[in-house]
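Visitor: I would like to understand the terms used for a structure like this one. Could you take me through them step by step?

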Number of protein chains: 2
Amino acid sequence: MSTIEDVAKLAGLSRTTVSRVINNHPYVSEDKRKLVIEAMNQLGYAPNSLARSLRSQKTDMIALLIPRIINPFFSKLVESIEMYASEHGYQLIICQTRYSSEKELNYMNLLKTKQVDGVILASIQNDWEVLEPFLDYGPIVLCNEFNERANVPSVMLNQMYGGYIATKHLLEQGHRRIAYCCGSTRSNVASHREIGFRKALSEYGIEFDEQYAFRDALHSEDGRRVFHQMMSLSESPTAVFTGSDEVAAGMISEAKKHGCKVPEELAVVGFDNQTITELMEPTITTVYQPVEKMAQKALEIMIEKIHSRTYRQREVYEFPLRLIIRESTVSNKLTDQ
Amino acid sequence: MSTIEDVAKLAGLSRTTVSRVINNHPYVSEDKRKLVIEAMNQLGYAPNSLARSLRSQKTDMIALLIPRIINPFFSKLVESIEMYASEHGYQLIICQTRYSSEKELNYMNLLKTKQVDGVILASIQNDWEVLEPFLDYGPIVLCNEFNERANVPSVMLNQMYGGYIATKHLLEQGHRRIAYCCGSTRSNVASHREIGFRKALSEYGIEFDEQYAFRDALHSEDGRRVFHQMMSLSESPTAVFTGSDEVAAGMISEAKKHGCKVPEELAVVGFDNQTITELMEPTITTVYQPVEKMAQKALEIMIEKIHSRTYRQREVYEFPLRLIIRESTVSNKLTDQ
DNA sequence: CTGTTAGCGCGTTCAC
DNA sequence: GTGAACGCGCTAACAG
């Protein structure tokens, strides 16, 4: 457990010189540098980063707030952000809010207590007014999230466009009774998708029908449930737009179990392009989200903010989504890209 | 950006008293305590944890090393560990080694540089001799891993038993030509499963056949590939034990595509009990792993080690696995638990 | 080029 | 009950 002082003594030099060597400062003669390095090796010395951080007021740590990592979308996001972070010498602290505003606040305190240099919010539970004061302590970057009142950088995917192209695809296949099945409306991800969904509909002169709207579907079980809800309607939809491949898969599984043919009797679109889309039968038409790009951009912005020390500027970066057509919306023989 | 000094001044007291209030020390009169709290609120004061850590030699951070978080097994592990960690006031730093021994070493340095109080290894890339010296700087706990030469706590699942019960189940269904299809043999997880697989076979007087062994299957694509490799054998297996639900799903998908009936012509067992096992048709027989329990135990041990400051004791905690029988091994009509 | 010195913000003896 | 003073390990003036 040697300190810089020990190294200095062993090398017969001062702490300063050792520090200079550690930090690659100029103005250190080559022979002293050798001496220092020798001493460091001999002692197995490693600088104490706590002391460094206290001194330099930076931790090289970033907190990433997500609801739950088990969700494949967020796994992918964490995977990417961690990768880029470590490439740039930053460590990532993972913070699962589990949709609790209280937990979110606890994690935000990492910024106030100087444990991290910045916070990436990939999920927002509190009102922006509650979060805003934390900007006094460091940068906040929104990732896959957006808030009208937040004057901070926002890196996001064009969810509206995603909802639009998926729905338009269904319309082009001739469907007119199309159900909408997404997650909580609290997230602006879902609400943006709904806007795109509605836009496509209106372009075809179709009115949005509330009885075809399901706004609490997150998992495969929800897909199964919604399938039954749809089928019990007097006029069942012939197609459905879902906000997640898992939901789509659950729905398809249940449909098949009850003899409902996909896509002939019910066309289904998923979201995310997860592995499962190519494993199900039929394979699932879905919307691909360029998560890596978004992750990379979010980190890039974060690092820039940490250095520039100006946090309250609003900037929006948006990435386009892409429709991937598979069997769940187009009958087998006709499938083409 | 107020410090403890500012609070002290505003309250008309000394730093010491403020510190006592922060740390809930006794011997502070009630009125002074009120004064301090008032001042803290007024200033929006939050203690600087860097300074605290430097002083107290603890960071309340734990590093968790995994290969990649995208793997659902590790997602689940991270989810659980993070949950328990935050419950106990610890933050989790996520470290993806991506199977690189170099990256692993980089992350191990978090211990040496005092950025974390301990390291949980859920993946080991380096020889133990390389890792062992880090014990000078803090506790290491193995989670889902094991090393003969490592005198540290190990929390793991009984993978041998998992391989055994899955294989035995196939044998009981009458299968005699059973293929083995797992991931890299470098991990002792896979090798333990293979031991269990062989044990079951030998109990039925069957010899392990190397041509039925595939040891590089990790993803669904590998499942597809192995399916073809198996089918091209002069005597194809009638059943296969796989080390992952994804591999099993890929194999089943490919089998169906080529008119091979599951389970009638090929019975398939997966591993992990992931969502996909209930979405595929047929649903997939699999081995359930109590990841939460393992995670909780690993963290419990870690915290205990951090406090006790003795790191070099070997302890092994093992949790049993459980077979979940579904349609991919038992023909529909006969399915029972 | 090198060393001396002063904090970064906090917790903790040790006196009072 | 309370406060003065030291030091955790390091970096950055400043002086030489």
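Guide: Start with the word "near". A residue is near a strand if one of its heavy atoms lies within 4 Å of it. Keep in mind that this is a predicted model.

Visitor: Which residues come nearest to DNA strand C?

Guide: There are 26 residues around DNA strand C. T16(A), I4(B), R15(B), Y45(B) and R55(B) come nearest.

Visitor: Which parts of DNA strand C are within 4 Å of the protein?

Guide: Sugar or phosphate supplies 56% of those atoms of DNA strand C, and bases supply the rest.

Visitor: What makes the pair between T16(A) and DNA strand C a polar contact?

Guide: A polar contact is a pair of N or O atoms within 3.5 Å. An N or O atom in the side chain of T16(A) is 2.8 Å from a base oxygen of DNA strand C. That value is within 3.5 Å, so the pair counts as a polar contact.

Visitor: Which atoms of S14(A) and S29(A) pair with DNA strand C?

Guide: For S14(A), a polar backbone atom is 3.2 Å from a phosphate oxygen of DNA strand C. For S29(A), an N or O atom in the side chain is 2.7 Å from a phosphate oxygen of DNA strand C. The elements that give two or more residues to this surface are α2 and α4 of chain A and α2 and α4 of chain B.

Visitor: Which element gives the most to the surface near DNA strand C?

Guide: That is α2(A), with four residues. By class, the surface near DNA strand C has eight nonpolar, 11 polar and seven charged residues.

Visitor: Now DNA strand D. Which residues come nearest to DNA strand D?

Guide: Of the 27 residues around DNA strand D, the nearest are I4(A), R15(A), Y45(A), R55(A) and K32(B). Of the atoms of DNA strand D within 4 Å of the protein, 58% are sugar and phosphate.

Visitor: How do you know that Y45(A) makes a polar contact with DNA strand D?

Guide: A polar side-chain atom of Y45(A) lies 2.4 Å from a phosphate oxygen of DNA strand D. The limit is 3.5 Å, so this pair is a polar contact. R52(A) also has a polar side-chain atom 2.8 Å from a phosphate oxygen of DNA strand D. For S14(B), a polar backbone atom is 3.2 Å from a phosphate oxygen of DNA strand D.

Visitor: What classes of residue form the surface near DNA strand D?

Guide: The surface near DNA strand D has eight nonpolar, 11 polar and eight charged residues.

Visitor: Let us turn to helices. Why is α10(A) called oblique to α11(A)?

Guide: Helix α10 (residues 220-231) and helix α11 (residues 245-257) of chain A pack at about 50°, with axes 6 Å apart. Angles under 35 degrees count as roughly parallel, and 65 to 115 as roughly perpendicular. About 50° falls in neither range, so α10(A) is oblique to α11(A). The crossing of α10(A) and α11(A) is right-handed. The contact of α10(A) with α11(A) has six nonpolar, five polar and four charged residues.

Visitor: Why are α1(A) and α3(A) oblique to each other?

Guide: The axes of helix α1 (residues 4-11) and helix α3 (residues 30-43) of chain A come within 9 Å and cross at roughly 120°. Roughly perpendicular covers 65 to 115 degrees, and roughly antiparallel means over 145. Roughly 120° lies outside both ranges, and α1(A) and α3(A) are therefore oblique. Their contact includes V7(A) and L10(A) of α1(A), and L35(A) and V36(A) of α3(A). By class, this contact of α1(A) with α3(A) has eight nonpolar, one polar and one charged residues.

Visitor: How do α4(A) and α4(B) pack?

Guide: α4(A) and α4(B) pack at about 145°, with their axes 9 Å apart. The crossing of α4(A) and α4(B) is left-handed. L50(A), A51(A), S53(A) and L54(A) of α4(A) make the contact with L50(B), A51(B), S53(B) and L54(B) of α4(B). The residues of this contact are six nonpolar, two polar and no charged.

Visitor: What makes the backbone at D60(A) worth a mention?

Guide: Most residues other than glycine have a negative phi, and most peptide bonds are trans. D60(A) is not a glycine, yet its phi is positive, about 55°. D60(A) is found in the loop between α4 and β1 of chain A.

Visitor: Which peptide bond before P263(A) is cis?

Guide: The peptide bond from V262(A) to P263(A) is cis, with omega near 10°. The bond from E281(B) to P282(B) is cis too, with omega near 0°.

Definitions and conventions
Residues numbered from 1 in each chain as written. Chains lettered and ligands numbered in written order. Predicted model: local features only at pLDDT ≥ 70, side-chain atom pairs only at ≥ 80, totals over all residues. Heavy atoms only, no water. Polar contact = N/O pair within 3.5 Å; in protein donor to acceptor, adjacent residues only side chain to side chain. Nonpolar A, V, L, I, M, F, W, Y, C, P; charged D, E, K, R; others polar. Axes fitted to C-alpha atoms, helices over the stretch in contact; angles between N-to-C directions. Left-handed = near helix turned anticlockwise from the far one by under 90°. Contact = heavy atoms within 4.5 Å.
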